[in-house]
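Me: I'm a first-year student, and I'd like a close look at a single part of this structure. Could you keep it friendly and walk me through it step by step?

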Amino acid sequence: MTLELPPYGDFLGIAVDRDADGALLFRMPFGDAVVGRPGFLHGGAIAGLLEIAAVGTLRDALSVEPGASVKPITVTVDYMRGGRERDTFAAARITRLGARIANVEAFAWQEDRDKRIASARMNLMVRRG
Amino acid sequence: MPDAPPPSLQDLDPQIVGRLIAGLGHTGAIGTRYITHGDDWAELALDYRADLVGDPASGVLASGPIIALMDITTSLAVWIKRGAFLPHATLDLRIDYLRAATPGHSVVGRGECYRLTRRVAFVRGQAHDGDPTDPIAHVAGTFMMTDEA
């Protein structure tokens, strides 16, 4: 099943696919819309990719429940490395999906999945339809 | 020959820097605007745009553009407090959403650098969508100076 991204995901140029295990994999190309200081990705664009990955993965998990919606409460982003002029990938893992709250972690990397450029923890409110 | 550093890097007019960075790259693409600044703080705005929406059902802006707004607003506060437009990197940024931004409203971000050391800047800020006493988000973060070895 494909995941529909919000307008902001299209604005960032994000494409979504599934890896061999069926987990969602998000890819953001480098371009003028995501550049920060010359030669580097903007931290806000990296945060945006992490948010799209976290919320998208959660929405995907909730897709079996029609009418469910999610709303971010807190987002904490840690930056480990500067993002360079190339594709950036992201994936997320749901730590816990409760009745009202979901805890989600998202990770971003470029060439090597083990060398993260940033990660985010999101706590989201879940409303069931 | 005086060995003064190049003026473009050291001389800081926060208004010019604010207008410059607001219009460049990612912050330019999301449409941030410089508003005003003080000794250790700056205010920038982000106008509502349909292509920045995170939840099509409600029309509420995504979290990402607000993080980007607060990142650049607090960055400008650091440059103002340092008195120099020198590079730094975001170490971490936490944002608490107190309520959803109202669809159609511009978001105003105010960032403050409340502590500056040689290598680290500590920042905090708030975002509102019309009424500063009713903020939509609070942020806290740190930046690492990248011009120091």
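Which residues touch the most other members of the largest nonpolar core?

Reply: Happy to help! Keep in mind that this is a predicted model. Four residues of chain A touch the most other members of the largest nonpolar core: A:Leu49, A:Leu50, A:Ala53 and A:Ala54. The core itself has 75 residues. Helix H4 of chain B, residues 63–82, gives the most to this core, with 11 residues.

Let's stop at one of those four, A:Ala53. If we set aside its neighbours within four places in sequence, A:Ala53 is in contact with A:Phe26, A:Ala90, A:Ala91, A:Ala92 and A:Ala106.

Now for the strands. Strand S2 of chain A covers residues 24–28, and strand S4 of chain A covers residues 88–97. These two strands pair in the antiparallel sense over three bridges. Within S4(A), A:Thr88 stands opposite A:Met28.

That pairing belongs to a wider arrangement. An open, antiparallel sheet is formed by 12 strands, in the order S1(A)-S2(A)-S4(A)-S5(A)-S6(A)-S3(A)-S5(B)-S8(B)-S7(B)-S6(B)-S2(B)-S1(B). Its edge strands are S1 of chain A (15–18) and S1 of chain B, each of which pairs on one side only. On average, neighbouring strands of the sheet are turned by 25° against each other, direction ignored.

Follow that order and you reach the place where S3(A) is followed by S5(B). Strand S3 of chain A, residues 69–79, pairs with S5(B) in the antiparallel sense over five bridges. One residue to look for here is A:Thr74, whose bridge partner in S5(B) is B:Asp96.

Let's turn to the contact between the chains. Chain B brings 30 residues to the contact and chain A brings 28 residues. On the side of chain B that touches chain A, S5(B) gives the most, with nine residues. This side of chain B divides into 17 nonpolar, seven polar and six charged residues.

Finally, back to H4(B), the helix we met in the core. H4(B) lies across S3 of chain A as well as S1, S2, S5, S6, S7 and S8 of chain B. The helix runs at about 40° to S6(B).

For a contrast with the core, try B:Gly38, which sits in the loop between strands S1 (32–37) and S2 (41–46) of chain B. B:Gly38 counts as exposed because it has 12 C-beta neighbours inside 10 Å.

Conventions
Residues numbered from 1 in each chain as written. Chains lettered and ligands numbered in written order. Predicted model: local features only at pLDDT ≥ 70, side-chain atom pairs only at ≥ 80, totals over all residues. Core = buried A, V, L, I, M, F, W, Y, C linked by C-beta atoms within 7 Å. Buried ≥ 20, exposed ≤ 12 C-beta atoms within 10 Å, placed from the backbone. Helix = DSSP H or I, 4+ residues; strand = E, 2+ residues; numbered from the N terminus. Contact = placed C-beta atoms within 7 Å. Nonpolar A, V, L, I, M, F, W, Y, C, P; charged D, E, K, R; others polar. Pairing = 2+ DSSP bridges. Axes fitted to C-alpha atoms, helices over the stretch in contact; angles between N-to-C directions.
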